[in-house]
Amino acid sequence: MKHPRLIWIFLFCIPCGFLVAQDSLTIISYNVENLFDCEHDTLKNDFSFLPDGDNHWTYYRYQTKLDHIAQVLVNISGWESAALVGLCEVENAHCLRSLCYRLKCFHYKYVHYESPDERGIDVALLYDSTKVKVLNSKPLWVDLRGDNTRDILYVKALLHDQDTLHTMLCHLPSKLGGSATTDWKRRAAKQVIQQQVDSLLQVQPNAKIVVMGDMNSTPTNDLHGLHNTMIAFEQLGQGTHKYQGIWSCLDQFYVSSSLASCAQTTIFSPEWLLEEDTKFLGHQPHRTYIGYRYYGGYSDHLPIVLRISNRR
């Protein structure tokens with residue numbers, strides 16, 4: 001799309017009743033790269049994202065970040081909102097309220113819990129309240145032997161008053177310190193996910209389950225009872241995140257067998273979400289920061305989109 005702001009401008013001019021319903025269900029997963037407000041939370045180490053912090057995070061930069069995220073979500077959805085949007089690296093409910101206001105024609109509400117993450121970056125789920133009714137939600141704690149990480153967000157929802165969908169949103173521990181030395185942390189987090197999946201499938205073998213988020217690892221079919229939809233992208237050398245010239249699919253969807261045959265995944269990668277990679281050639285995500293240098297872009301990750309058809 002050559003003019004991504006076109007939909008963004010017209011969104012507020014169209015009555016919500018003109019949004020046309022689709023037969024497919026759209027789910028987005030997006031690591032938005034440090035969506036912080038610019039006020040200090042005394043319980044969190046958010047000093048880098050304050051006006052006098054290392055990143056010189058100002059109110060203007062915060063508002064620009066919100067505009068950019070909203071622009072991405074609108075251009076993925078077109079005139080029809082995604083039913084669910086999983087977000088990684090969101091500081092707090094204030095950021096979510098501000099984002100939902102920018103998307104007010106889509107009737108988004110959110111599910112969010114403050115996590116033990118020391119920096120204060122959490123996961124959150126937006127849902128279109130005209131399509132989705134949240135029945136239950138809870139944070140699933142990950143025991144890292146005294147270390148802190150994000151909780152896994154579990155949400156049970158009713159879609160169009162018919163289908164029940166179980167969603168788990170994750171931002172697994174990073175590889176900071178080395179992949180081999182931190183692998184046990186990601187395994188511990190996936191064990192929590194597996195326990196929840198096993199419990200759901202034991203009660204209902206045909207349960208509709210979607211696990212999504214930033215897994216901080218390459219995609220594999222390592223969750224029993226679920227299929228990872230991103231493996232083919234990785235094999236083709238495509239990805240959602242680029243590090244030292246190599247693309248990888250850190251952002252992933254897993255779906256249960258009841259959804260696998262009718263689920264299609266894409267990586268949203270229009271030209272305006274990318275910039276030239278002057279060091280390793282090709283392109284890379286147009287990110288907000290590189291180091292402490294402000295680039296004013298969108299995110300260091302590309303969003304992924306899951307469309308589920310023939311749900312009824």
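**Exercise 1. Which residues of helix α3 (residues 93-102) are buried?**

Before the solution, some ground rules. This is a predicted model, where local features need pLDDT of at least 70 and side-chain atom pairs count only at pLDDT 80 or more, while totals for chains, interfaces and linings use all residues. Numbering runs from 1 along each chain as its sequence is written, and side-chain values use heavy atoms, with hydrogens and water left out.

*Step 1.* Fix the terms. Helices (H or I, at least four residues) and strands (E, at least two) are DSSP runs, numbered from the N terminus. Buried stands for under 20% relative accessible area, exposed for over 50%, and partly exposed for what falls in between (1.4 Å probe, protein chains only).

*Step 2.* Go through the helix: the buried residues of α3 are Cys95, Leu96, Ser98, Leu99, Cys100 and Arg102.

*Step 3.* Look at the start of α3 too. There, a side-chain oxygen of Asn92 comes within 3.2 Å of the backbone nitrogen of His94. For reference, a polar contact is a pair of N or O atoms within 3.5 Å; within protein, one must be able to donate a hydrogen and the other to accept it, and residues adjacent in sequence count only if both atoms are side-chain atoms.

**Exercise 2. Find the salt bridges of Lys131, Lys185 and Arg187, and place their partners.**

*Step 1.* The cut-off: a side-chain nitrogen of Lys or Arg within 4 Å of a carboxyl oxygen of Asp or Glu. The structure has nine such salt bridges.

*Step 2.* Start with Lys131, whose side chain meets that of Glu80 at 2.4 Å, N to O. This pair links distant parts of the chain, 51 residues apart: Lys131 is in the loop between β4 (122-128) and β5 (132-140), and Glu80 in the loop between α2 (59-77) and β2 (84-90). Both Lys131 and Glu80 are buried.

*Step 3.* Now Lys185, which pairs with Asp147, the closest N and O atoms being 2.7 Å apart. Here, too, distant parts of the chain are linked: Lys185 sits in helix α4 (residues 179-203) and Asp147 in the loop between β5 and β6 (152-159), 38 residues apart. Lys185 is buried at 17% relative accessible area, whereas Asp147 is partly exposed at 32%.

*Step 4.* Finish with Arg187, which bridges to Asp183 at 2.3 Å, N to O. The two are four residues apart in helix α4, so about one helical turn separates them. Arg187 is exposed at 51%; Asp183 is partly exposed at 30%.

**Exercise 3. Which residues does Glu33 touch?**

*Step 1.* Locate Glu33: strand β1. Glu33 counts as buried because its relative accessibility is 4%.

*Step 2.* List contacts, meaning heavy atoms within 4.5 Å. Leaving out residues up to four places away in sequence, Glu33 touches Lys65, Cys88, Glu89, Arg287, Thr288, Tyr289, Tyr298, Ser299 and Asp300.

*Step 3.* Pick out Asp300: its backbone nitrogen lies 3.1 Å from a polar atom of the Glu33 side chain.

**Exercise 4. Describe the largest nonpolar core and the contacts of Ile27.**

*Step 1.* Define the core: a set of buried Ala, Val, Leu, Ile, Met, Phe, Trp, Tyr and Cys residues joined through side-chain atoms within 4.5 Å.

*Step 2.* The largest one has 66 residues, and those with the most contacts inside it are Ile27, Tyr30, Leu87, Leu103, Leu126 and Val210. Its largest share, eight residues, comes from α2.

*Step 3.* Zoom in on Ile27, whose contacts (again skipping residues up to four places away) are Leu84, Leu165, Val210, Met212, Phe253, Ile304, Val305, Leu306 and Ile308.

*Step 4.* Apart from this core lies another, of 21 residues, among them Val192, Met215, Leu223 and Tyr254.

**Exercise 5. Classify the ring pairs of Tyr289 with Phe49 and with Tyr294.**

*Step 1.* Rings of Phe, Tyr and Trp (its six-membered ring) pair if their centres lie within 6.5 Å; planes under 30 degrees apart are stacked, over 60 edge-to-face, and the rest tilted. The count comes to eight aromatic pairs.

*Step 2.* Phe49 and Tyr289 have ring centres 6.1 Å apart and planes at 90°, so they are edge-to-face. Both are buried.

*Step 3.* Tyr289 and Tyr294 are edge-to-face as well, at 5.4 Å centre to centre and 65° between the planes. Tyr294 is partly exposed at 25%.

*Step 4.* Put the rings together: Phe36, Phe49, Trp57, Tyr289 and Tyr294 form one aromatic cluster.
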